[in-house]
Amino acid sequence: MAGTEHGDVVETLKRIESNEDVIGTVVVNAEGIPIRSTLDSSTTTRRYAEPLQQLSMMARSTVRDLDPQNDLSFLRIRTKDNEILVAMEDDFMLVTIQGQSK
């Protein structure tokens, strides 16, 4: 990743993380390994990264089954307490966990 691109990514992550509703972010590489996290422990990071990677791959497969010319780019999961946003790219996945807006 070029220096300017890396700087842009870091600035984007800082902007996302500065939102008061954001509980944490996790960046997962193409192999499913968390490479950056603001969550409080590696256990918590893995607790989000592993199942969300699997769910995202299943959702991506479903989208491609419905339309082979299409691809999954974003997945939004709303729970009773939180909202989990998953942005998909070819070589990484960005997970953002945020509290529900009141």
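Trainee: In what order do the five strands form the open sheet?

Mentor: This is a predicted model, where local features need pLDDT of at least 70, side-chain atom pairs count only at pLDDT 80 or more, and totals for chains, interfaces and linings use all residues. Residues are numbered from 1 along each chain as its sequence is written, and side-chain values use heavy atoms, with hydrogens and water left out. Strands (E, at least two residues) are DSSP runs numbered from the N terminus, as are helices (H or I, at least four), and two strands pair if DSSP finds at least two bridges between them. The pairing here is antiparallel, and the order is 2-1-5-4-3.

Trainee: Thanks! Which strands stand at the edges?

Mentor: Look for strands with a single partner strand, so that one side is left without a neighbour in the sheet. These are strand 2 and strand 3 (74-78).

Trainee: How many bridges join strand 4 to strand 5?

Mentor: Happy to show you! One pair to look at is isoleucine 84 with its bridge partner in strand 5, isoleucine 97. The two strands run antiparallel, and the number of bridges joining them is seven.

Trainee: Which element gives the most residues to the largest nonpolar core?

Mentor: A nonpolar core is a set of buried (under 20% relative accessible area, 1.4 Å probe, protein chains only) Ala, Val, Leu, Ile, Met, Phe, Trp, Tyr and Cys residues joined through side-chain atoms within 4.5 Å. The largest one has 15 residues, with Leu52 and Val86 among those with the most contacts inside it. Strand 1 (22-29) is one of the elements giving two or more residues. The most, four residues, come from helix 2.

Technical notes:
Buried means under 20% relative accessible area, exposed over 50%, partly exposed in between (1.4 Å probe, protein chains only).
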